[in-house]
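Subject: Structure handover

Hello,

I am passing on the structure we discussed. Please open it alongside this message; my notes come after it.

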Amino acid sequence: MPPIKFTVRKRFHLLQCKTRTLDSGREHLAHYRLIFVISGEGKFVLNREIHSYSSGGVIFLEPDQQPMFQEDRGTEILMIAFDTHLAEDFQRKKAYSPDFADIYKQVENLCKNIRLIQGKPVKNDRDAQTVNYLVNQISFELSQQSSSFIKLIRSSIELIVTILARNNFECKKAEEKPLQHNLSESMIGYVKSQIQQNKSIRIGELLMKFNISEEAANLCMLNHTGMSLRNFIFKYKADLFKSRMLKMDISEFSARL
């Protein structure tokens, strides 16, 4: 099947083709691009790193990035390029196409902060199936080009981007959990050590020591202990005081015996 091209001026550029056709063309290099693997599997090189791709996979590309696919005549892809005309003077141009501007910014953030695995479907099975269905729907609309096909393609693209952004965010949260846990453990250990040595704790100094804002510190402590940083310090002081008083009472009672 020959390549299918379609453009919505200053918004989307679509190309459905074999990988060898994409390798030979550079007309969309200036744009952010999403490449969806309709069928086939293999490897590609991006930024001097080798990645694997499979059917249903997604490749995220910033401007000037170009993947080099291994020779595979059976691999078919759909590329969606998001026109970068909004990159300069974004706020002014956004007023003329606010819906596309929001999608464009989502794609820009996705490609710059990608945490999903390049060339692979998203991990959430239901979302992966939805993305695959929408990609096939776009492919069908491109081949038929009925009276409403632009509207259907645009809505499908918006939904795909939303799903990918959500899955990318979930990956980010999963990566941050161990970091938050380690930070919370370190702060708790420091607080306990200072209080046990009868040293005063100044919140400002503690925040500077761990290079963190009070809001972020409270979030870490809430997730780990169920209390804010200040409440944890107050409770630990009170618990330690009660524990020491109890030990003193027991010592006095033992001495009388």
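Below is what was found, starting with the whole chain and moving on to single residues.

Please keep in mind that this is a predicted model.

The whole chain

The fold contains eight helices and eight strands. The chain has 257 residues, and 41% of them count as buried. About 15,200 Å² of the chain is exposed, with carbon and sulfur atoms supplying 51% of that area. Among contacts with a separation of 6 or more, 67% are between residues 24 or more positions apart.

Two buried residues in helices

Val107 sits in helix α3, which covers residues 98-112. Its relative accessibility is 1%, and because buried means under 20%, Val107 counts as buried. Apart from neighbours within four places in sequence, Val107 is in contact with Tyr32, Phe82 and Val161. Ala81 is 26 residues away from Val107 along the chain, and the C-alpha atoms of the two are separated by 9.8 Å.

Ser184 belongs to helix α5, made up of residues 149-196. Ser184 also has a relative accessibility of 1%, so this residue counts as buried. With neighbours within four places in sequence again left out, the contacts of Ser184 are Cys220, Met221 and His224.

Two residues in strands

Gln16 is part of strand β2, residues 12-18. With a relative accessible area of 4%, Gln16 is buried. What joins the side chains of Gln16 and Glu76? It is a polar contact of 2.7 Å.

Val45 lies in strand β4, which runs over residues 42-46. Is Val45 buried or partly exposed? The relative accessible area of Val45 is 34%; the range for partly exposed lies between 20% and 50%, so Val45 is partly exposed. Val45 also takes part in a nonpolar surface patch, together with Ile50 and Met68. The area of this patch is about 290 Å².

Where to look

When you go through the model, these places can be found as follows. For a buried residue in a helix, go to Val107 in helix α3 or to Ser184 in helix α5. For a buried residue in a strand, go to Gln16 in strand β2, and from there to Glu76 for the polar contact between the side chains. For the nonpolar patch on the surface, go to Val45, Ile50 and Met68.

Regards

Notes
Residues numbered from 1 in each chain as written. Predicted model: local features only at pLDDT ≥ 70, side-chain atom pairs only at ≥ 80, totals over all residues. Heavy atoms only, no water. Helix = DSSP H or I, 4+ residues; strand = E, 2+ residues; numbered from the N terminus. Buried < 20%, exposed > 50% of the residue type's maximum accessible area, 1.4 Å probe, protein only. Contact = heavy atoms within 4.5 Å. Patch = residues over 30% accessible without salt bridge, like charges linked within 9 Å, V, L, I, M, F, W, Y side chains within 5 Å. Areas by Shrake-Rupley, 256 points an atom, 1.4 Å probe, with all protein chains shown as cover. Salt bridge = Lys/Arg side-chain N within 4 Å of Asp/Glu carboxyl O. Polar contact = N/O pair within 3.5 Å; in protein donor to acceptor, adjacent residues only side chain to side chain.
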